[in-house]
Amino acid sequence: MTLQLRAIAIYSHTGERREVEFELGRLNIVTGASKTGKSALLDIVDFCWGRDECTVAEGEIRRSVKWFAVLFDNDGEGIFIARHNPGPGGRGADHIYFERNIDELPASASHFLQNVTAVALRSHLSQILGIAENLYVPEPGATRVPLSASASQAIFFSLQAQDEIANRRLLFHRQGEQHIPVAIKDTLPYFLGAMEEDYYLKQRRYNEARARLRRLEKDLNELRALTTNATTATEALLQGAKKVGLVEADVFPETTEELRGVLRGASAPREFHYAKTDDAASDLADLEDRRRLIRGQLMELREEHAQFVRLDREATDFTVEARAQEARLASIGLIASEAEGHESCPLCESKLAVAVPSVSQIRESLRHVGQQLTTVSRDRPRLQEHIASLEVQRAELEEQQRTVQRDIATRIADNERLRIEQDLFTEQARVAGRIGYYLENVQAIQEDNGLRLAVARGRAEVAELEKALDPEALNERIATALSLVGRDLTAYAQALQLEHGDNPLRLDRKNLTVVADTDEGALALSQIGSGENWVGYHVAAHLALHRLFRARKRPVPALLMLDQPSQAHYPPDRDAGVISADEDEDQAAVARLYRELYNYCEALGGAMQIIVADHVELLEPWFTDATAQRWRDGIKLVPMSWLRGE
Amino acid sequence: MATAWQIDWEHRPPEEAALYNPAFCGELLARSVKAYCGSIDRCFPLPLAFVILPLALPPGTRRALPGKSNTTFETWAAQHEVLLSEIPSTVLALRPVTREALLFLTQHKALAISPRGLALGETPLRLSSKRTSTSTEVEEMQRTARLLGRWFANQANPNSILLAMGVQP
């Protein structure tokens, strides 16, 4: 996934096209006099990449152009983006035409219409670059919101406008604007490849695993509290059991084991026996038996009832399904008559391997489904009658049950002594229940290690994910990447013979600048003098960064656009024109810079494209070879004819 | 892969045969073609016929489609990346259904296929006639088919629709 630039084009109001084509994987130079539109090239790329504001300078370009367009090359696939010129004084326009898989620039702009918004365009570009889902979460306590790297940030590394390349305080494109430096800083780890592609997924997993672990730990702590407060809790339980007579008053167990044994005995289910000697209550046991019998019958009846209701519902489900089929088959009614020869292809007259279903076949299916539907609804009344009879039976049984219950209640009310007995029984049951609950939990934690195991497993998982997400490890990977960039940066600075180039250089991620570590201390770019150094360090830093991007196959366009790198030697208002490479210091320095750019592309073997707009022209064969356009003697970006037409 | 559409009508699983019957699928296609040709003076591009059923039949895509036909396809596609990732396999699965429905319509001269694309035939379906049986789902699909026809008519380039869905034109 290397994204490079095939061409930049502009379309006039009358539909004419003017294009600047570039070769992929090498140095392309657009040379020309000042005020020919060289700087507009970079602004057009920036604008077509989805920037909100159009920065193309006011003037004849803004007046005579209708569409700005670029054609990118994505490993052979042409990606075309055209954006409506907001016109003189306008800042932005949301008319964007986007087309993929295109071979060459459209000849006319007649079919351009808005088919994508700027937001959607940026999302398409992120996808094309292959930017994985990612999120940079700032250190705890920071006020800025988490930011995900996208195509909008990737372009910052690929452009250097005329006023940026020689700026001693700003290293990157648009670094001087609000919020942009923070965005560059936060997405740099992703673009450097320090943040793995699945970092986002891991972070989600980590958050989820931690929440799960917290839940498990809470359960475990509750269980623990039950067992660790054992002595007081069991003592209280034993006292309670003695009070209601579940345990004899003179039992004093000594060990915990014994105590548990006594409690287990106390919580064992016991029989509810009434005083059999009492005549008034002698038939209570019979009544109890009868009640149990009725309850059993009721239960059976309920099950049967539920079964029939389910059967009925299944029949309904079938009806719904069959109705759906019937509704779709009914489309056959739209066909007037049977066609001739449904077994042959209507296009080529050959016999089809599988005949297209004929009208009569589909009608037959429709009739069949209809028949099934009537059978089902004929079946259903019988089911419902049966269900109704079951319900009558159930009502009868319930009535009987109520009678028996009433009898029991009367009997109990008859006998005061019985009531007291039952009270005691209720109290006993309550205490036994508490003891049972306690013993169960104790048993759960003693016998079942599942929860403990789950907590241990959860901890291990969280620790593992933490290690993968470790901010220390992330910082280390960033440091590694930056030291690689620093190494290349030093090499390029030496080749360009920059001041302090003989010291180790590094990219300062916090301040977004280049720093030279000298014997006297660290020197930031803003402290180093001379315009030549500023341009040189910008170029060296970008070359070093892109070398890492290419080596790690990062989703950054394999493209670097530089505007006027010779301005330190030949200011923009002084048109240098054609120079040779060795007449004076200035010429030698400019030649060195271009030679380095040329060699860089050669060394990367087509993996990188550099586009430079400048007004110098070197008398060297390789320079002429790399020149894509020469705008002098009246040739400009906007043809003269477009202006006359106005 | 042997599908139900490589065997005769009588031997197909009855539910599948009934739910994907060519008369119904053909009706949906005919509605799209009619809406398309009603909005723009052009034939309906044949490749687009193969994405009508995958978009109109599954409830997921049917409900995600825009309500108005002037939404641009590129913007909609960027918002529904996840949904669109399922489309290619659905298109592949429903290709024989669409093919059979197209043949069915052509046999009854309800649709005419020419090198320029699809157009209504000599005896078009009587789409406005009253149906013997219907359901809310069927009505929803009929509405969707009409909308797709109008929507596709409003897009500049039919290839970009196929491309965005991950289908080779």
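How many of the 646 residues of chain A count as buried? The share is 46%, and that comes from a predicted model, as does everything else below. Chain A is built from 18 helices and 15 strands. Take its contacts between residues at least 6 apart in sequence, and you'll find that 71% of them join residues at least 24 apart.

Chain B makes a handy companion to that picture. Here 51% of the 169 residues count as buried, and the chain has 9 helices and 2 strands. Walk along it from the N terminus and the elements go α-α-α-α-α-α-α-β-β-α-α. For contacts in chain B between residues at least 6 apart in sequence, the share that joins residues at least 24 apart is 69%.

Let's stay with chain B and pick out helix α8, which covers residues 136–153. Its 18 residues reach 26 Å from the first C-alpha to the last, close to the 26 Å expected at 1.5 Å a residue. Quite a list of residues in α8(B) is buried, including B:Met141, B:Leu148, B:Trp151 and B:Phe152. Some less greasy names turn up there too, among them B:Gln142 and B:Thr144. What do these buried residues of α8(B) pack against? Within chain B, the partners are α2 (22–39), α3 (46–56), α4 (59–64), α5 (73–79) and α9 (158–164). From chain A, α10 (284–329) joins them.

Now for the cysteines. A search of the whole structure turns up 0 disulfides over all chains. B:Cys43 is a case in point: the nearest cysteine sulfur belongs to B:Cys37 and sits 6.1 Å away, while a disulfide needs the two sulfurs within 2.5 Å. B:Cys43 has a relative accessible area of 16%, so it counts as buried. B:Cys25 is buried as well, with a relative accessible area of 0%.

Back in chain A, have a look at helix α15, residues 531–551. Its 21 residues reach 30 Å from first C-alpha to last, close to the 30 Å expected at 1.5 Å a residue. This helix is mostly covered, with 17 of the 21 residues buried. Just after α15(A) comes A:Lys553, which takes a positive phi of about 55°.

α15(A) also leads us to some empty space. There are 3 cavities of 30 Å³ or more, and the largest cavity holds about 120 Å³. Which residues lie closest to its centre? Of the 13 that line it, they are A:Glu532, A:Gly536, A:His569, A:Ala589 and A:Leu593. Both α15 and α16 (585–604) of chain A supply at least two residues of the lining, with α16(A) giving the most, 4 residues. By class, the lining has 8 nonpolar, 3 polar and 2 charged residues.

Finally, a couple of backbone oddities. Most residues other than glycine have a negative phi. A:Asp75 is not a glycine, yet its phi is positive, at about 50°. A:Asp75 lies in the loop between β4 (65–74) and β5 (77–84) of chain A. Its relative accessibility is 51%, so A:Asp75 counts as exposed. A:His179 is another non-glycine with a positive phi, this time about 70°. You'll find A:His179 in the loop between α5 (162–165) and α6 (180–192) of chain A, where it is exposed, with a relative accessible area of 63%.

How values were computed:
Residues are numbered from 1 along each chain as its sequence is written. Chains are lettered from A and ligands numbered from 1 in the order in which they are written. This is a predicted model: local features need pLDDT of at least 70, side-chain atom pairs count only at pLDDT 80 or more; totals for chains, interfaces and linings use all residues. Side-chain values use heavy atoms; hydrogens and water are left out. Buried means under 20% relative accessible area, exposed over 50%, partly exposed in between (1.4 Å probe, protein chains only). The expected span of a helix is 1.5 Å times one less than its number of residues. On a 1 Å grid over the protein atoms alone, a cavity is a set of points where a 1.4 Å probe fits but cannot get out, and a pocket is an open set with protein on both sides within 12 Å along at least five of seven lines; lining residues have an atom within 4 Å of a point. Grid points are joined across faces, edges and corners, and a volume is the space filled by probe spheres set on the points. Ala, Val, Leu, Ile, Met, Phe, Trp, Tyr, Cys and Pro count as nonpolar, Asp, Glu, Lys and Arg as charged, and the others, Gly among them, as polar. Contact means heavy atoms within 4.5 Å.
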